[in-house]
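User: Hi, I've just opened this one and I'm new to it. Can you walk me through it?

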Amino acid sequence: MIVASPKSVTEVKEIIAAHRKVLFVGCGTCVTVCLAGGEREVGIMAYAVRMARKLEGRPIEIEQVTIERQCENEFIKDLAEAVDRNEAILSFGCGAGVQAIAERFPKKPVYAALNTQFLGILEEQGVWTEKCQACGDCMLADFGGICPVTRCAKQLLNGPCGGSTPEHCEIDNDMPCAWQLIFKRLKEIGQEDRLKKIRPPKDWRGSSHGGTRKIVRNDHRI
Amino acid sequence: MTAPDSGATPASPAAWEPKVLAFCCNYCAYAAADLAGARRMQYPPNVRLLHVPCTGKVELEHILEAFEKGIDGVLVAGCLEGGCHFLEGNLRAKRRVQRVREILDEIGVGGQRLLMVNLSAAMAPTFVERVREIVETVRKLGPNPLTTVKPEGAKSE
Ligand code: SF4
Ligand code: SF4
């Protein structure tokens, strides 16, 4: 899922400082699961911003709504009436959600309440880690299902580096070395031979280095 | 849970008495308060007890709502660490209280107005002591600043 983290109350307050009536929009999918932009997080931010603004002598009116998915027009369109009633929109969706809403309502200012971080998983309650950089040409088959593009600090495709230890990556004591994990796992599944192949430099054109990406699937078009 | 302004009336400074809300867990804090009552121990009448099943049931929103509505101080009272009836409800409450204190500091209401205490059902004197402590802390801090902000326009001097 997409993992995001909330901006501070102070930053959110600055972002919407010019407005007196703002619609806070939560998203019920990834950012709800990662406890950053769901109904509850919207509510907590609303309490904090309302109190802060009242203390400044410039009260703000906040309307709150959480939709199933902010990155789909099908769900966004239900916001129309609430959008009309407010001066601006503060989106608690990921970057894609914020932009989808902005496209749908071109005349309203739309702001982001979260910092969208990465594609990752819940490691344990309250801890998320990055697993994929959406490079556009997945190589997991070669590496026992462990992604060196994302999880090796140097993005080595022919690792490990000289600083690797069984305990951790040389640049971060809190992170395991991806290459140690890759080797261990390939051994466990009897595929160490895969490591004999020297991999040429990765073609990054399919990644963000080639500009904004777009997928067209004619079989699904109507 | 949205909280429109409750219209908490700003009291005149002379007449002001702190208002404190105490979330008390069923198994320890509420029982301790009960025991204090049965023993006729005196504690300030400024505190209102709110009986909750466990401090782990107290969410950030509940505390924030109380402050938005104009409460001057909040006490979250649970079992001793390691002694929670639900094993770790009070440990979760501790982290949440810490988070709300950060928010209160950040927005200018003041994190010191929120206190968590841990006690057993037999610790009535501790309960009384802690209630006095929060009432005195809040008395020194003054009213919840949200209840004393001047209406818009009346601010400039
Ligand atoms: S190889 Fe690319 S697509 Fe596959 S997990 Fe790594 S970053 Fe993601
Ligand atoms: S220690 Fe491992 S994960 Fe870290 S940079 Fe070197 S090879 Fe990559």
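User: What does Val100(B) touch, leaving aside its neighbours within four places in sequence?

Analyst: Val100(B) is in contact with Leu60(B), Ile63(B), Leu64(B) and Leu114(B). Contact here means heavy atoms within 4.5 Å. One caution early on: this is a predicted model, where local features need pLDDT of at least 70, side-chain atom pairs count only at pLDDT 80 or more, and totals for chains, interfaces and linings use all residues. Residues are numbered from 1 along each chain as its sequence is written, chains are lettered from A and ligands numbered from 1 in the order in which they are written, and side-chain values use heavy atoms, with hydrogens and water left out.

User: OK. Is Val100(B) buried or exposed?

Analyst: Val100(B) counts as buried because its relative accessibility is 0%. The cut-offs are under 20% relative accessible area for buried, over 50% for exposed, and partly exposed in between, using a 1.4 Å probe and protein chains only.

User: And where does Val100(B) lie?

Analyst: In helix H3 of chain B, residues 89-107. Helices (H or I, at least four residues) and strands (E, at least two) are DSSP runs, numbered from the N terminus. From Val100(B) to Gly110(B), ten residues on in sequence, the C-alpha atoms are 9.9 Å apart.

User: What pattern does chain B follow along the sequence?

Analyst: Chain B reads β-α-β-α-β-α-β-α, with four helices and four strands. Of its 157 residues, 45% are buried. If you take contacts in chain B between residues at least 6 apart in sequence, 82% join residues at least 24 apart.

User: How many residues does the largest nonpolar core have?

Analyst: It has 49 residues. A nonpolar core is a set of buried Ala, Val, Leu, Ile, Met, Phe, Trp, Tyr and Cys residues joined through side-chain atoms within 4.5 Å. Those with the most contacts inside this one are Phe24(A), Val49(A), Ile63(B), Phe67(B), Val74(B) and Leu114(B). Helix H3 of chain A (residues 39-55) gives the most to this core, ten residues.

User: Any other core?

Analyst: Yes, a second, separate core has 21 residues, including Trp16(B), Val131(B), Ile134(B) and Val135(B).

User: Back to Phe67(B): what does Phe67(B) touch?

Analyst: Not counting residues up to four places away in sequence, Phe67(B) touches Met51(A) on the other chain, and in chain B its partners include Val74(B), Leu104(B), Leu114(B) and Leu146(B).

User: So how many residues of chain A are in contact with chain B?

Analyst: 18 residues of chain A are in contact with 21 residues of chain B. The area buried between the two chains is about 1,900 Å², and carbon and sulfur atoms give 60% of that. Buried area is the accessible area (1.4 Å probe) that two parts lose on being put together, summed over both.

User: Which residues in chain A lose the most area to chain B?

Analyst: Tyr47(A), Met51(A) and Leu55(A), which together make up 40% of what that side buries.

User: Let's switch to chain A. How is chain A divided?

Analyst: Into domain 1 (2-118) and domain 2 (135-206). Those bounds come from an automatic or database domain assignment. Taken over C-alpha atoms, the two domain centres are separated by 38 Å.

User: What surrounds ligand 1?

Analyst: Nine residues would be a lot to recite, but among them are Cys132(A), Cys135(A), Cys138(A) and Cys147(A), along with Met139(A), Leu140(A) and Thr150(A). A residue counts as near a molecule if one of its heavy atoms lies within 4 Å of it. By class, the shell has seven nonpolar, two polar and no charged residues. For those classes, Ala, Val, Leu, Ile, Met, Phe, Trp, Tyr, Cys and Pro are nonpolar, Asp, Glu, Lys and Arg are charged, and the others, Gly among them, are polar.

User: Where is Val3(A) placed?

Analyst: Val3(A) is in strand S1 of chain A, residues 2-6. Val3(A) is buried because its relative accessible area is 3%. Phe118(A) is 115 residues away in sequence, yet the C-alpha atoms of the pair are 5.3 Å apart.

User: Which peptide bond is cis?

Analyst: The bond from Gly159(A) to Pro160(A), with omega near 0°. Pro160(A) is found in the loop between helix H7 (148-151) and helix H8 (178-188) of chain A.

User: Last one: what is phi of Arg40(B)?

Analyst: About 55°, a positive value although Arg40(B) is not a glycine. Arg40(B) sits in the loop between helix H1 (29-38) and strand S2 (47-52) of chain B, and counts as exposed because its relative accessibility is 70%.
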